[in-house]
Amino acid sequence: MKRKRWVLLLALVFSLQVILAACSGNNNSGGSGESQQPSNGGQSPSGDVVEIVMWHMEEPPNRVQRFQEIADAFNAANPDIRVIPQVQSWGDAYTRFPAAIQAGRGPDLLFTIPDYTTLINSLGVTQPVDDIVADLDAKHKFLEAALTPYQYDGHTWAVPLYGMVQVLWYRKDILDEAGIEPPKNWDDLKAAVETLTTKDRYGIALPASRSLATDQVIYTFMITSGAKDIIDENNNVTFNNEKTVRAYQMYADLLKFSPPDSNTYQWGEPQAQFNAGKAAMAIEKGQYLSVFEEESGRPASDLGVIPMPVADGGEEGSIYYSNGVMVLTDDPAKKEAIKKFLDYLLEPETYGKFLNAEPGLFLPVTETGSNADSFWNDPVIQKYKSQVDVLLEASAKGQLFGFTKGVSQKIGQISGPNYLSQVLEQITVNGMSPADAVAWGQQQMENAVK
Amino acid sequence: MEALGKGKLFNKALPYLLVTPIVAWLVITIIVPLINVVKESFYSTGFVGTKGAFVGFENYQNTILSSTYWNAWGKSLVWVLGNAVLQSILAFGIALLLNRKTRFNEFARTWMIIPWVIPTIVVVIMWQWILNGSYGIFNHLLQTLHLIEQPVNLIGHSFWSLPMVIFINTWHWFPFMAVIILAGMSTIDEEIYEAAAIDGVNAWQKFWKITFPSLGKVTFALGLVGTLWSFNIFDTIYFLTQGGPAGKTTTIPVLIYQQAFESYRLGQASATSIVTALILIVYAYFFIKYLGPKDE
């Protein structure tokens with residue numbers, strides 16, 4: 001009986017230990033004597049090495065590997081600093097990251113896009129990077145379109161790292177076979193997709209799901225229709241106008257020549273159809289370059305690209321945004337280490353290697369980067385040089401919704417629920433007219449930013 | 001004497017000490033978050049991690065007056081009823097077939113549970129591939145048999161999306177129900193069936209007059225727990241359709257998720273959760289009161 005009691009007591013103690021261990025907090029606060037305050041990121045500099053935890057959301061293995069290589073090279077050259085890249089998912093960025101940051105389990109550096117920055121800012125943890133950006137700008141000259149979306153309330157809230165822009169990709173072999181020239185305006189585009197659609201092939205593959213992918217392509221049509229201003233810096237919504245309606249009408253018309261399951265498409269599916277030769281055209285960013293030959297079985301010369309066709313009375317351009325990095329730590333030693341790392345990263349000899357983690361998709365956001373040998377000497381970039389020139393040319397005319405008339409700090413409330421693609425769904429699924437759907441969208445957006 | 005007293009005290013305290021860890025765990029993982037949700041429902045909290053202003057019952061008012069909320073309830077009712085009917089038919093059918101002692105049945109009882117043990121994400125990816133509008137095997141078969149000319153996009157269809165999601169969820173979960181029913185059937189006395197056979201009772205009468213009533217407690221438990229579990233399913237629907245197209249598969253759990261993490265209205269989502277939970281509690285109360293097995 002006594003032995004049984006001891007066994008039970010031991011079991012109780014053990015299970016208590018397990019629970020306490022599971023609930024134990026972050027013990028990264030350094031050596032004894034320091035208070036156990038929750039702190040984001042790597043270890044505080046109690047020893048010789050300053051650790052910087054960097055969260056990025058570039059999940060493809062080639063990008064993860066390249067980022068790690070760059071961090072390793074920096075760490076080797078700076079033994080007193082250790083940059084630790086950790087890949088995360090964009091899906092978790094909006095749901096889990098805020099909780100992690102609030103619990104002191106967030107990173108020191110967090111990759112971002114402009115509308116995401118406005119959301120994380122509301123947590124009150126983002127550090128202004130005015131001095132870092134000023135130094136880097138003096139050395140490397142940031143592109144205005146890359147930097148401006150991160151500047152508001154008198155500060156800069158992220159350091160731009162790479163840009164992305166949409167263009168019209170076309171299969172040169174298919175267009176040549178049909179005797180069609182790449183379209184320069186909407187009328188040509190419409191005629192081309194109709195002619196190119198046959199029993200076994202679609203003229204174009206467009207995303208039409210409720211997703212960021214669809215939002216971005218729709219917005220490109222809105223820009224070229226002349227309707228790039230959705231919301232201004234005072235959060236006044238100006239979505240409902242005839243040029244927006246025209247953009248949605250065009251998109252709905254083109255969807256008739258897109259695969260029937262387009263309303264389940266995001267980024268990957270149009271590219272898969274394009275490479276398989278099932279779609280003659282697609283509208284997307286530069287990720288089409290690196291895998292085209294392998295996935296299509298066609299030579300690089302069959303990959304055509306032009307800037308987005310423009311509507312009558314519209315505007316040249318397409319969606320463009322820079323991906324940046326936010327600083328979430330207020331530790332002075334870590335900030336100094338971060339400054340060193342970003343300085344290293346944007347040096348031309350390093351920056352090109354960083355951009356070519358995904359050649360063609362990641363575009364330079366600095367002038368020195370645009371001219372860097374480390375960027376242009378990449379085999380994929382060299383093979384597709386003329387296509388990359390088109391991408392860079394398109395970047396100069398790029399726009400981003402929520403950042404065309406100052407910076408709308410509530411743009412996250414519009415991009416989060418994917419209202420641009422929800423409006424499209426009202427047309428394609430619920431049978432609304434484009435005018436009614438856009439009016440519906442205006443109402444939803446106004447309610448969202450109230 | 002003293003040792004005896006201490007021993008008695010220890011014996012009295014021991015049960016409480018032993019359950020303390022699990023109670024602590026329940027408090028930390030259920031009670032504390034629940035209290036937090038109730039608290040948040042009275043605030044205008046937006047993005048997760050931010051602080052909102054106290055708004056009293058405004059969030060509750062918005063929920064109750066929202067047509068979007070009641071539309072989602074409609075979808076949820078179709079979802080629950082569709083799953084209940086389909087799963088019941090399949091589960092009972094399979095259980096009746098497997099309730100005979102044959103070599104095949106012993107083999108089948110093991111392999112029947114495969115759909116249930118496959119992780120939800122794998123089930124979703126598998127069915128997305130099968131039903132894919134461009135290169136799925138389903139469309140390929142229909143086109144080969146000349147039943148359709150153009151591929152059909154069932155998951156993205158405005159009418160068929162919800163029935164398809166119900167079908168996929170049924171395929172995933174019916175083995176669980178079948179196993180429970182089969183276990184219940186094994187407790188029914190064979191002599192009752194023998195006596196019924198002597199009286200000339202047919203197969204349907206045997207099922208309706210003997211089998212089904214004998215499974216009263218099992219079907220009650222499945223009915224209550226099954227409907228509540230089914231109602232709360234989020235992952236299958238969200239992975240397949242994200243609540244689309246155009247909200248056609250937006251059930252209550254999907255709506256709550258969208259409110260909290262896509263529209264950044266945590267306070268509103270909390271109120272929606274509480275209102276929904278209260279309705280489900282009322283449902284469970286009446287279900288137990290009127291459909292619970294009566295002790296004779």
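**Exercise 1. Work out the strand order of the open sheet with 3 strands in chain A, and say how its strands pair.**

Step 1. In this predicted model, the order across the open sheet of 3 strands in chain A is β8-β7-β9, and the pairing is antiparallel.

Step 2. Now look at the edges. β8 (281-284) and β9 (303-306) of chain A each have a single partner strand, so one side of each has no neighbour in the sheet.

Step 3. Check the twist, too: ignoring direction, neighbouring strands of this sheet are turned by 30 degrees against each other on average.

**Exercise 2. How many bridges join β7 and β8 of chain A, and which residues stand opposite each other?**

Step 1. Start with β7 of chain A, which covers residues 167-171. Its antiparallel pairing with β8(A) runs over 4 bridges.

Step 2. Pick out some partners. A:V167 sits opposite A:E284 of β8(A), and A:W169 has A:A282 as its bridge partner in that strand.

Step 3. Next, see where the side chains of β8(A) go. Here's the background: side chains in a regular strand alternate between the two faces of the sheet. In β8(A), A:M281 and A:I283 point one way, while A:A282 and A:E284 point the other way. All of them are buried.

**Exercise 3. Which strands does helix α19 of chain A lie across, and at what angle does it run to β9(A)?**

Step 1. Find α19 at residues 385-395 of chain A.

Step 2. Follow it over the sheet: the helix lies across β7 and β9 of chain A, at about 20 degrees to β9(A).

**Exercise 4. Describe how the two domains of chain A meet.**

Step 1. Set the bounds. Domain 1 takes in 50-164 + 320-394, and domain 2 takes in 166-319 + 398-449.

Step 2. Place them in space: their C-alpha centres are 27 Å apart.

Step 3. Look at the contact, where 25 residues of domain 1 of chain A meet 24 residues of domain 2 of chain A. On the domain 1 side, α5 (114-121), β10 (318-327), α18 (379-383) and α19 of chain A each bring at least two residues. Helix α19(A) gives the most, with 5 residues.

Step 4. Sort that side of domain 1 by residue type: you get 17 nonpolar, 4 polar and 4 charged.

**Exercise 5. Which elements of chain A supply at least two residues each to the side that touches chain B?**

Step 1. Begin with the totals: chain A puts 33 residues into the contact and chain B puts in 29.

Step 2. Name the elements. They're α1 (2-22), α4 (97-102), α20 (412-415) and α21 (419-428) of chain A, and α1(A) gives the most, with 6 residues.

Step 3. By type, this side of chain A splits into 15 nonpolar, 13 polar and 5 charged residues.

**Exercise 6. How does the radius of gyration of chain A fit with that of a compact globule?**

Step 1. For 450 residues, a compact globule would come out near 22 Å. Chain A has 25 Å, which agrees.

Step 2. Add the extents: the C-alpha trace of chain A spans about 85 × 55 × 50 Å along its principal axes.

Step 3. Finish with the make-up of the chain. Chain A has 22 helices and 11 strands, and 50% of its 450 residues count as buried. Among its contacts between residues at least 6 apart in sequence, 76% join residues at least 24 apart.

Note on methods. Residues numbered from 1 in each chain as written. Chains lettered and ligands numbered in written order. Predicted model: local features only at pLDDT ≥ 70, side-chain atom pairs only at ≥ 80, totals over all residues. Pairing = 2+ DSSP bridges. Axes fitted to C-alpha atoms, helices over the stretch in contact; angles between N-to-C directions. Contact = placed C-beta atoms within 7 Å. Domains from an automatic or database assignment. Nonpolar A, V, L, I, M, F, W, Y, C, P; charged D, E, K, R; others polar. Buried ≥ 20, exposed ≤ 12 C-beta atoms within 10 Å, placed from the backbone. Rg over C-alpha atoms; globule rule 2.2 N^0.38 Å.
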